[in-house]
Amino acid sequence: MAKTIEIKNGKKTYKLGYNREVVRRLNREGFEPGQDSDHRIDDMFTLVTAAFEMYHPEVTEDEIFDMWGKVSEKEKLYNVLMEMFLEPVNVLGEPDENAEGNLSWKVTE
């Protein structure tokens, strides 16, 4: 199951996460996390706003940035968001060797 983060702002709790569609959209828009350290701040805000999109698409950027300004341990949160963002991509890699229902394949001529 995909990881999520909860941020409590007053009485409201926001759930943050990513799915393949969000990851694919950001990729199509040219987002490549970690590729250029000059864009780290842009990457951070992109990851944060996209994390809200999945469960709270109605939240505005201004509301997100207001919450971001109040969040502690921003660097740690950024690193967790990066791991979460890459999780749907990593699912495309090798399957769990012990998982039931793995499909095999072979090259033929």
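A residue counts as buried when its relative accessible area is under 20%, as exposed when that area is over 50%, and as partly exposed in between. With these cut-offs in hand, the reader can follow the charged pairs of this structure, which is a predicted model, and can then turn to a histidine in a loop and to the enclosed spaces inside.

Under the rule that a side-chain nitrogen of Lys or Arg must lie within 4 Å of a carboxyl oxygen of Asp or Glu, the count comes to 5 salt bridges. One of them joins E21 to R28, with 3.3 Å between the closest N and O atoms. E21 has a relative accessibility of 44%, which lies between the two cut-offs, and therefore counts as partly exposed. R28, by contrast, reaches 54% relative accessibility and so counts as exposed.

Another salt bridge pairs R25 with E53, and here the closest N and O atoms are 2.3 Å apart. Because R25 lies in helix α1 (residues 20–28) and E53 lies in helix α2, this pair ties together parts of the chain that are 28 residues apart in sequence. R25 is partly exposed, its relative accessible area being 22%, and E53 is also partly exposed, with a value of 31%. The link between these two residues does not stand by itself, since R25, E29 and E53 are linked in a network of salt bridges.

A further pair is found within a single helix: the side chains of D66 and K70 meet in a salt bridge, at 3.3 Å from N to O. Both residues belong to helix α3, where they stand 4 residues apart, about one turn of the helix. On the scale of accessibility, D66 is partly exposed at 40%, whereas K70 is exposed at 58%.

Between α2 and α3 runs a loop, and H56 lies in it. Is this residue buried or exposed? Its relative accessible area is 11%, which is under the 20% cut-off, so H56 is buried. When its neighbours within four places in sequence are left aside, H56 is in contact with T13, Y14 and K15.

The path now leads to the enclosed spaces, for the structure holds 2 cavities of 30 Å³ or more. The largest cavity contains about 40 Å³ of space, and its lining is made up of I7, L16, V48, F52, I64, M67, W68, V71, L77 and L81. Three helices, α2 (40–53), α3 (61–70) and α4 (74–90), each supply at least two residues of this lining, and α3 gives the most, with 3 residues. What is the character of the residues that form the lining of the largest cavity? They divide into 10 nonpolar, no polar and no charged residues.

The second largest cavity has a volume of about 30 Å³, and the residues that line it are A2, K3, Y18, M84, E87 and P88. By class, this lining has 4 nonpolar residues, no polar ones and 2 charged ones. Set side by side, the linings of the two cavities can be read as follows: that of the largest cavity has no charged residues, while that of the second largest cavity has 2.

Definitions and conventions
Residues are numbered from 1 along each chain as its sequence is written. This is a predicted model: local features need pLDDT of at least 70, side-chain atom pairs count only at pLDDT 80 or more; totals for chains, interfaces and linings use all residues. Side-chain values use heavy atoms; hydrogens and water are left out. On a 1 Å grid over the protein atoms alone, a cavity is a set of points where a 1.4 Å probe fits but cannot get out, and a pocket is an open set with protein on both sides within 12 Å along at least five of seven lines; lining residues have an atom within 4 Å of a point. Grid points are joined across faces, edges and corners, and a volume is the space filled by probe spheres set on the points. Ala, Val, Leu, Ile, Met, Phe, Trp, Tyr, Cys and Pro count as nonpolar, Asp, Glu, Lys and Arg as charged, and the others, Gly among them, as polar. Buried means under 20% relative accessible area, exposed over 50%, partly exposed in between (1.4 Å probe, protein chains only). Contact means heavy atoms within 4.5 Å.
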